Amino acid sequence: MIDLIKRLPKAELHLHIEGSLEPELMFTLAKRNNIQIPYKTIDDVKAAYNFTNLQSFLDIYYAGANVLITKQDFYDLTHEYILKCVEDNVIHTEIFFDPQSHTSRGISFETVITGIKEALADAKEKYGITSCIIMCFLRHLSQEDALETLNQAKAFKSDILGVGLDSSELGNPPSKFIEVFKKAKEQGFKLVAHAGEEADVSYIYEALDLLEIQRIDHGVQSIKSAKLMQRLKQEQIPLTVCPNSNIELKVFENYKEHNIKELLDYGLNVSVNSDDPAYFKGYINQNFINLCENLPLTKEDIITLVKNSFNSSFINDELKKEYILKVEKAI
Ligand code: ADE
Ligand code: ZN
């Protein structure tokens, strides 16, 4: 099974580029930019990555992102993630970034987007990896702040395919962002949102019905509503599930309790993704391996999860066909 996981070409649809900041690069950038970080050694960092819920992670994740200052920093960050893609056979990736966590520190939108974009262009040229960029609004901030961010993105419209919604879910429902998602839709952006990671199914309904999103990030709480499960199956709305993240953030107690097999068996369109791999102990293959070691996933399940990742991606139909053919060949 592990051999199959490694051999299959994959698409990743839920990856925060700031969440791929490995402790080693954090130290390098802290030194390069003369930024203080609250850790002396890599072991200190690893000891701090002991989360109790989403918020306990976010506090550390935003502090880590403070070492990212220059365009070169964002290039290096993205380049390192791409090397992991090469290792794990990810041939297409749709990358989230959080502009507000950088612009709020005085880093320009242009610095962030051009660093990421140039690394992705090199990834295509060097390794043939295709990608797109999705800009996430931080839901703990106001809609006005999100509108201002959407405004800043105008100058880089051709570099950004979609918008998403992330950060502290509880108390920040999708309904807080109706206007900014409406505007983003009018401007032609694809729409996704984190929903049902920690919060109840009402957040998933709001994301679908009020924001009109095309993909749900996480969505594992769907299982609590039979009616929602039926709808997700009927409409084949993609759920980008992140197993390691769910375990590290205590959404489920352990891998044996994870519901991805139930979602899959019910007929939902779920895929496996790494979310913030530098913080959650592993990249996409490790997520698959952890599932296989703890749940009765079959070879066919793995293949379905991988095919779902391509079919739920924002690539065109022709490229989808080409990539699915690559999967068939690898099988
Ligand atoms: N930002 C980075 N990772 C996140 C997650 N798992 N949920 C919400 N916001 C995030
Ligand atoms: Zn996420």
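## Ligand 1 and a helix pair

In this predicted model, a nitrogen atom of ligand 1 is placed 3.4 Å from an N or O atom in the side chain of His16. Two further side chains approach a nitrogen atom of the ligand in a comparable way: that of His218, through a polar atom at 3.4 Å, and that of Asp275, through an N or O atom at 2.7 Å. The three distances are set out below.

| Side chain | Ligand atom | Distance |
|---|---|---|
| His16 | nitrogen of ligand 1 | 3.4 Å |
| His218 | nitrogen of ligand 1 | 3.4 Å |
| Asp275 | nitrogen of ligand 1 | 2.7 Å |

On its own, ligand 1 has 260 Å² of accessible area, and the protein covers 100% of it. The residues that surround the ligand include Leu54, Phe57, Leu58 and Tyr61, together with Asp166, Ser167, His194, Glu197 and Asp276.

Another part of the model concerns two helices. Helix H5, which spans residues 71-88, packs against helix H7, residues 109-127, at an angle of about 35 degrees and with 7 Å between their axes, and the crossing of the two is right-handed. From H5, the residues that take part in the contact include Phe74, Tyr75, Ile82, Leu83 and Val86, while among those they meet in H7 are Val112, Ile116, Ala119, Leu120 and Tyr127. Counted by character, the residues of this contact comprise 11 that are nonpolar, five that are polar and four that are charged; Lys71 of H5 and Glu118, Asp122 and Lys126 of H7 are also part of the contact.

Key: Residues numbered from 1 in each chain as written. Chains lettered and ligands numbered in written order. Predicted model: local features only at pLDDT ≥ 70, side-chain atom pairs only at ≥ 80, totals over all residues. Heavy atoms only, no water. Axes fitted to C-alpha atoms, helices over the stretch in contact; angles between N-to-C directions. Helix = DSSP H or I, 4+ residues; strand = E, 2+ residues; numbered from the N terminus. Left-handed = near helix turned anticlockwise from the far one by under 90°. Contact = heavy atoms within 4.5 Å. Nonpolar A, V, L, I, M, F, W, Y, C, P; charged D, E, K, R; others polar. Near = heavy atom within 4 Å. Polar contact = N/O pair within 3.5 Å; in protein donor to acceptor, adjacent residues only side chain to side chain. Areas by Shrake-Rupley, 256 points an atom, 1.4 Å probe, with all protein chains shown as cover.
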